[in-house]
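Visitor: I'd love a close look at the side-chain contacts here, pair by pair. Could you walk me through the numbers behind them and show me where each partner sits?

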Amino acid sequence: MEEWEVPTSLGSIEAKENSSSPIVNRSCENLECYMVLIKAEKTAIGSICFLAGPITLLENALVLGVIAATATLRQRPSYLFIASLALADVFASCFFTTSFLDFHLFRRSDGPTAYLFKLGGVTMAFSSSVGSLLLTALDRYLCIHQASSYKVLLTRRRALLSLLILWSATIFISFLPLMGWRCPTGLNPPCSHLFPYINQGYLACWTSFILVLLGLILGAYALILWKAHRHESSMTSFQGAAGTGHARMRMDIRLARTFGLILLILVGCWLPALSFMLADVSVLLTHTQQRAFAFCSTLCLVNSAVNPLLYALRCRELRVALLQLLHRLCEIGRCRKSTEDTTPGLPTTEDNFTAISEDEMPRTRTTQLNSVSQVVNNQQLNIGK
């Protein structure tokens, strides 16, 4: 395989002429051929990861917490798919951020097993995220296309089964390089110019798999819009009300805008990185293209940060459940605070007994007797008067 440019002291021309030189091979063995970011690019991409990573983690953890704490949401297949999406994005925020920063910013060179394990975690997270998006799109399609039999077709048991199949398939596909489907030549020469130890055949298959999932998502939303438009048109012609028809057309436009925004963000975040992966299979990438791919890969993390806003927090039931959960937490906090404030000022029964020593007991009894005698004297004086 033809070797790509490597910045060495001999210059790029000598590196091309002598692709089997020990300097080039040694740098590739240390993964330096893949660490191509300059200082300014490290600062920019590192800032994106440090900002998007924690935000993605907190958002999706919040969605998972609300669904797990609400019994009615846990029984709904739609929210099971949203929970699966949130879980995948939590993994993406953890695996991608740590692996990306560790490799590109801190320039850590792992062995084949450690690197492929980390890459498998990132691949699993993003594959499960796109797969959960597909299940969410199919759920919405069934809700509109088979509205009368939706609850019969998509039960909670079938939803859990589909999630089990999805996660099992993505885990198996993601760790295939670790199980043996890797570059047969190692790094001398490397098979992929984007991922060390990765076979080009595996890269082509995984990229095609994600593209097929994205295509199915686009097709599902297109069918949703078509079915919704036909339904609203038939309702408008049946009722024959001009004002109602105009309102329904405005509702169709809002629906189209919502789905258009979802698809625009999805395609805009994923298509650049997938394009570089397909190009890596067929052509020789330069260092500039490698640096561009590093930036485009962070867009996948940005997509995971946006997913809770598009799919979870737009649902009214989930927002209501979130507000109720926050209200309960505030009530618990207020009760604890009020208990802590009032407890020190109210001595307990044990404190009352232990606060009075044996020497003080006669004084207390004498005081009580004197007060009683005073009350009796006062009553006798009143009678005498």
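**Side-chain pairs, one by one**

Guide: Let's begin with E317, which counts as partly exposed because its relative accessibility is 38%. Please keep in mind throughout that this is a predicted model. The carboxylate of E317 has a partner: its side chain meets that of R76 in a salt bridge, with 2.7 Å from N to O. This pair links distant parts of the chain, since E317 belongs to helix α13 (residues 316-342) while R76 sits in the loop between α4 (71-74) and α5, 241 residues apart. R76 has a relative accessibility of 35%, so R76 is partly exposed.

In general, side chains of opposite charge can pair when their charged atoms come close. The count here comes to three salt bridges. Another of them joins R291 to E41, where the closest N and O atoms are 3.1 Å apart. Here too, distant parts of the chain are linked: R291 is in helix α12 (residues 287-312) and E41 is in helix α3, with their positions 250 residues apart. R291 is partly exposed because its relative accessibility is 22%, and E41, at 23%, is partly exposed as well.

While we are at E41, a word on its helix. Helix α3 (residues 39-69) has 31 residues and should span 45 Å at 1.5 Å a residue; its end C-alpha atoms are 45 Å apart, so expectation and model agree. The buried residues of α3 include small ones such as G46, A52 and G53, together with I45, V63, V66 and I67. Polar names appear in that buried list too, among them T56, E59 and N60. As background, an α-helix has 3.6 residues a turn, so residues three or four places apart point the same way.

The salt bridge still to visit is that of K118 and D102, whose side chains meet at 3.2 Å, N to O. K118 lies in helix α6 and D102 in helix α5, so this bridge ties together parts that are 16 residues apart in sequence. Its two ends sit on either side of a cut-off. D102 has a relative accessible area of 18%, so D102 is buried, as buried means under 20%. K118, at 26%, is partly exposed.

Now for the rings. A pair of aromatic rings is described by the distance of the centres and the angle of the planes. The structure holds twelve aromatic pairs. Take F103 and Y115: their ring centres are 5.9 Å apart and their planes are at 55°, so the pair is tilted. F103 belongs to helix α5 (residues 77-105) and Y115 to helix α6 (residues 112-145), twelve residues apart, and the pair links distant parts of the chain. Both F103 and Y115 are buried.

The pair of F126 and W270 has another geometry: this one is edge-to-face, with 5.5 Å centre to centre and 90° between the planes. F126 is in helix α6 and W270 in helix α11 (residues 242-282), 144 residues apart, so to speak a link between distant parts of the chain. F126 counts as buried because its relative accessibility is 6%, and W270, at 2%, is buried too. These two rings also have company, as ring pairs link F96, F100, F126 and W270 into a cluster.

Helix α11 has a surface story as well. L211, L218, V267, L271 and L278 form a nonpolar patch on the surface, with about 340 Å² of accessible area together. Helices α10 (200-239) and α11 are the elements that give two or more residues to this patch, and α11 supplies the largest share, three residues. V267, one of the patch members, lies in helix α11; its relative accessibility is 32%, so V267 is partly exposed.

Finally, the covalent contact. The structure holds one disulfide, joining C183 to C191 with S to S at 2.0 Å. The torsion about that S-S bond is about 75°, so the disulfide is right-handed. Both C183 and C191 are buried. Two other cysteines can be placed by exposure: C94 is partly exposed because its relative accessibility is 31%, and C205 is partly exposed at 46%.

Methods. Residues numbered from 1 in each chain as written. Predicted model: local features only at pLDDT ≥ 70, side-chain atom pairs only at ≥ 80, totals over all residues. Heavy atoms only, no water. Phe/Tyr/Trp six-rings, centres within 6.5 Å; stacked < 30°, edge-to-face > 60°. Helix = DSSP H or I, 4+ residues; strand = E, 2+ residues; numbered from the N terminus. Buried < 20%, exposed > 50% of the residue type's maximum accessible area, 1.4 Å probe, protein only. Patch = residues over 30% accessible without salt bridge, like charges linked within 9 Å, V, L, I, M, F, W, Y side chains within 5 Å. Areas by Shrake-Rupley, 256 points an atom, 1.4 Å probe, with all protein chains shown as cover. Salt bridge = Lys/Arg side-chain N within 4 Å of Asp/Glu carboxyl O. Expected span 1.5 Å × (residues − 1). Disulfide = S-S within 2.5 Å.
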